[in-house]
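Trainee: I would like to learn how to read a sheet in a model. Can we work through one together?

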Amino acid sequence: MSNTAIKKFSSVAELEAKRQEILKSRNSGQTVIAICCGTGCQAYGAKKVADAFEEELAKAGLGDKVEVRTTGCHGFCERGPLVVIRPQNIFYQRLKISDIPEIIEKTIKNNEVIERLLYVDPMTKDKKVHEHDVPFYKKQMRLVFGNNGNIDPTSIEDYLAVGGYKSLAKAISGLKPEEIVDEIIKSGLRGRGGGGFPTGWKWKSCRDAHDPVKYVICNCDEGDPGAFMDRSLMEGNPHSVIEGMIIGAYAIGSHEAYIYIRDEYPMAVRHALLAIKQAEDYGLLGGNILGSGFNLKIHINRGGGAFVCGESTALMASLGSKGTKIFSLVGKVNNTGLIEVPMGITLREIVYDIGGGIPKGKKFKAIQTGGPSGGCLPESMLDLPVDFDELTKAGSMMGSGAMIVMDEDNCMVEIARYFLSFLEGESCGKCVPCREGVKRMRQILEKITKGEGEEGDIELLEQLSQAIQDASLCALGGSAPNPVMSTIKYFREEYEAHIRQKTCPAKECKALINYNIIDANCPGCGLCYKACPTGAIIPQGKKMPVILDQSKCTKCGACFDACKLHAVEIR
């Protein structure tokens, strides 16, 4: 997208005016190097090829004259990295970075074809210069995938330039919902999921349903080995999916929609999220779409990889828990208190939108959900939707509803020790795995926080965790290892630092830190001396830095908190 300010379209006319503005600003005869950057080609190094093209064009003084466009999957995956040079449609395949200077010199500057980079037909042994002559493409009818090789999937302007959202404009401004449904029935369009159910009749049955609340669900889940069609479309042209969903929602009277994407498709998720935001920014999604009065909200749901979720009823069942949940939001967050939120809200929305972020500009580190038996989830999990299944899969739980936010100053080993200490005291003692196992885990964690950890302690904690989970008689023992297992899973490097370097990265474990006075910053004001409960700080006179007696220091941190001049440091 361009850097110009975004203006929401309030009418179909404004959308069309923007499209013409984009087309006018573009030179239809400009040379474009379209590089396939789908998942398959990226595995072959396509992103590095794209970067190298940019660099070499700049060196040749062609950076402003030739566009390098990273596109979605072109389909011919085993020939990657591949590029198409337009408007000539010259097709080069299996490129190496070393090929790029020659392509620029011969093909871009002098319109010469490089024979060794052309595709060779295995049947006729002929070399194919143009993309449309390659047998792989020649007999295809690429109605759905056609624009994958033409547009940058992260650019809504590219999509508008090829006619994107024209169908939506026609549907929402010129047709009644019933007319759209009738048109789909007449077309004979059928579902492409395997069952082949007539699309129009499915839409009609949903529109005619008595319940006023209706949903549109886009099934981008693929559990079949070797299948990646949905992934490639969502990666390469997400706006086409969104446009179709809006038309479908308008036709059946739905105001809420879901895209169900496998969590193993990170690029598809990224591109879908970006496309949704772009469509909302332009007024093509959200409230009062194109001034029509029609509203639609699209959510992303990440599937857990279950093959059965390709079936519609299983897919709908897996979309998340119903209703709301009350949580206590506490810890290192600006807005603490009780919150009631809908199931499916993300942890990021809770921490930053409702909680107001982390105090004093500190960095978010983890959030512990579900009470003392819950797990600690890192920053990378902030976009996780909050429901029973998703939290459990991540190594935590819904539990009592407690949420504790932690920042960079929290030591995750100490956090695990604290919760295990609590759970040890709550064990009824009836079964040995819980009674003795939790106690032993707490002892190991205590040893690690004191700098007495040994190689093998992490592995022993993992073994004990599994044994306690498997053999405990009740849910307390079964969930007690969660704080340990989750912190080892997501913060293993902190455990290793405690054991191997005898350091606490968060500077929280008292046995592994020392408080020191920075003489250059200390004016001898006496604030730290007054705060120290043990007399460990000795004044030396006016404007003289104090002395800290390590033999008397209990590492309570009172001096650190009292000093306003950063004269006390933690090592």
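Mentor: We start with the whole chain and then turn to one sheet. This is a predicted model, where local features need pLDDT of at least 70, side-chain atom pairs count only at pLDDT 80 or more, and totals for chains, interfaces and linings use all residues. Residues are numbered from 1 along each chain as its sequence is written, and side-chain values use heavy atoms, with hydrogens and water left out.

Trainee: How many helices and strands are there in the protein chain?

Mentor: Helices (H or I, at least four residues) and strands (E, at least two) are DSSP runs, numbered from the N terminus. The protein chain has 22 helices and 18 strands. Its C-alpha atoms fill a box of roughly 85 × 65 × 50 Å along the principal axes.

Trainee: What share of the 571 residues is buried?

Mentor: Buried means under 20% relative accessible area, with a 1.4 Å probe and protein chains only. Buried residues make up 46% of the 571.

Trainee: In what order do the five strands of the open sheet lie?

Mentor: Two strands pair if DSSP finds at least two bridges between them. Here the order is E11-E10-E14-E12-E13, with mixed pairing. The edges are E11 (337-342) and E13 (376-378), each pairing on one side only. From one strand to the next, the twist averages 30°.

Trainee: Which pairings are antiparallel, and which are parallel?

Mentor: E10 and E11 pair antiparallel over six bridges. They form a hairpin with five residues between them. Phe327 stands opposite Ile339 in E11. E10 also meets E14, this time parallel, through four bridges. There, Val330 has Ile404 of E14 as its bridge partner.

Trainee: And how many bridges join E12 to E13?

Mentor: Three, and the strands run antiparallel; E12 covers residues 364-369. Gln368 stands opposite Cys376 in E13.

Trainee: Where do side chains point in a regular strand?

Mentor: They alternate between the two faces of the sheet.

Trainee: Which helices lie across these strands?

Mentor: Contact means heavy atoms within 4.5 Å. Axes are lines fitted to C-alpha atoms, for helices over the stretch in contact; angles run from 0 to 180 degrees between N-to-C directions. Helix H14 (residues 347-354) lies across E10 (324-331), E11, E12, E13 and E14 (402-407). H14 runs at about 115° to E12. Helix H20 (residues 482-501) lies across E12 and E13, at about 55° to E13.

How values were computed
Buried < 20%, exposed > 50% of the residue type's maximum accessible area, 1.4 Å probe, protein only.
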